[in-house]
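Let's take a walk through a protein chain together. Have a look at the picture first, and then we'll go through it piece by piece.

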Amino acid sequence: MKLYRFLTGPDDASFCHRVTDALNKGWELHGSPCHTFNAAENRLYCGQAVVKTVHGKDYDPDMKLGEQ
């Protein structure tokens, strides 16, 4: 089974730690990161897609993807 997640968050160290944690749990970067600016908050937000192949399991829409 191939899993997909899209991680998002403010452009700060916490976002980098979330991506680093995913990479260390076997997820791989998928595509380039993206950024958007929220003018109301005067804040930059980041997004990064990650994918992971898990053998021996079938997809279930109720599964928590981050725990796979």
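What percentage of the 68 residues in the chain do buried residues make up? The answer is 25%. Keep in mind as you look around that this is a predicted model.

Let's start with the overall layout. The chain has 1 helix and 3 strands. If you begin at the N terminus and follow the chain along, you meet the elements in the order β-α-β-β. Along its principal axes, the C-alpha trace spans about 45 × 25 × 20 Å. Now think about contacts between residues that sit at least 6 apart in sequence: 57% of them join residues at least 24 apart.

There's also a record to compare with. An unreviewed UniProt entry lists residues 1–52 as "domain: DUF1737". In the model, that span is 23% helix and 58% strand, and its end C-alpha atoms lie 8 Å apart.

Next up, the sheet. Strands of a sheet pair through backbone hydrogen bonds, either parallel or antiparallel. Here the 3 strands make an open sheet in the order β1-β3-β2, and the pairing is antiparallel. Why is one side of β1 and of β2 left without a neighbour in the sheet? Both strands stand at the edges and have a single partner strand each, so there is no neighbour on one side. On average, neighbouring strands of this sheet are turned by 15 degrees against each other, if you ignore direction.

Let's zoom in on one pair. β2 and β3 run antiparallel and are joined by 8 bridges. To see a partner in β3, find C34: its bridge partner there is G47. Between β2 and β3 there is a loop, and N42 sits in it. Is N42 buried or exposed? With a relative accessible area of 62%, N42 counts as exposed. N42 also has a phi near 55 degrees, which is a positive value in a residue other than glycine.

So where does the helix go? α1 lies across β1, β2 and β3, and runs at about 165 degrees to β1.

Now for the inside. In soluble globular proteins, nonpolar side chains tend to be buried together. The largest nonpolar core in this model has 10 residues: L3, L7, F15, V19, A22, W27, C46, V50, V54 and M63. At least two residues of this core come from each of β1 (2–10), α1 (13–24) and β3 (43–53). Which element gives the largest share of this core? That's α1, with 3 residues. Another core member to look up is M63. Leaving out residues up to four places away in sequence, M63 touches M1, L3, D58 and Q68.

Finally, take a look at Q48, which you'll find in strand β3. Its relative accessibility is 5%, so Q48 counts as buried. Which residues does Q48 touch, not counting those up to four places away in sequence? They are R5, F6, L7, F15, V19, L29, H30, G31, S32 and P33. One of these, G31, deserves a second look: its backbone oxygen lies 3.3 Å from a polar atom of the Q48 side chain. Two names in that contact list, F15 and V19, may ring a bell, since they also belong to the nonpolar core we just visited.

Notes. Residues are numbered from 1 along each chain as its sequence is written. This is a predicted model: local features need pLDDT of at least 70, side-chain atom pairs count only at pLDDT 80 or more; totals for chains, interfaces and linings use all residues. Side-chain values use heavy atoms; hydrogens and water are left out. UniProt positions are given in the numbering used here, feature names are shortened, and annotations may be inferred rather than shown by experiment. Helices (H or I, at least four residues) and strands (E, at least two) are DSSP runs, numbered from the N terminus. A nonpolar core is a set of buried Ala, Val, Leu, Ile, Met, Phe, Trp, Tyr and Cys residues joined through side-chain atoms within 4.5 Å. Buried means under 20% relative accessible area, exposed over 50%, partly exposed in between (1.4 Å probe, protein chains only). Contact means heavy atoms within 4.5 Å. A polar contact is a pair of N or O atoms within 3.5 Å; within protein, one must be able to donate a hydrogen and the other to accept it, and residues adjacent in sequence count only if both atoms are side-chain atoms. Two strands pair if DSSP finds at least two bridges between them. Axes are lines fitted to C-alpha atoms, for helices over the stretch in contact, and angles run from 0 to 180 degrees between N-to-C directions.
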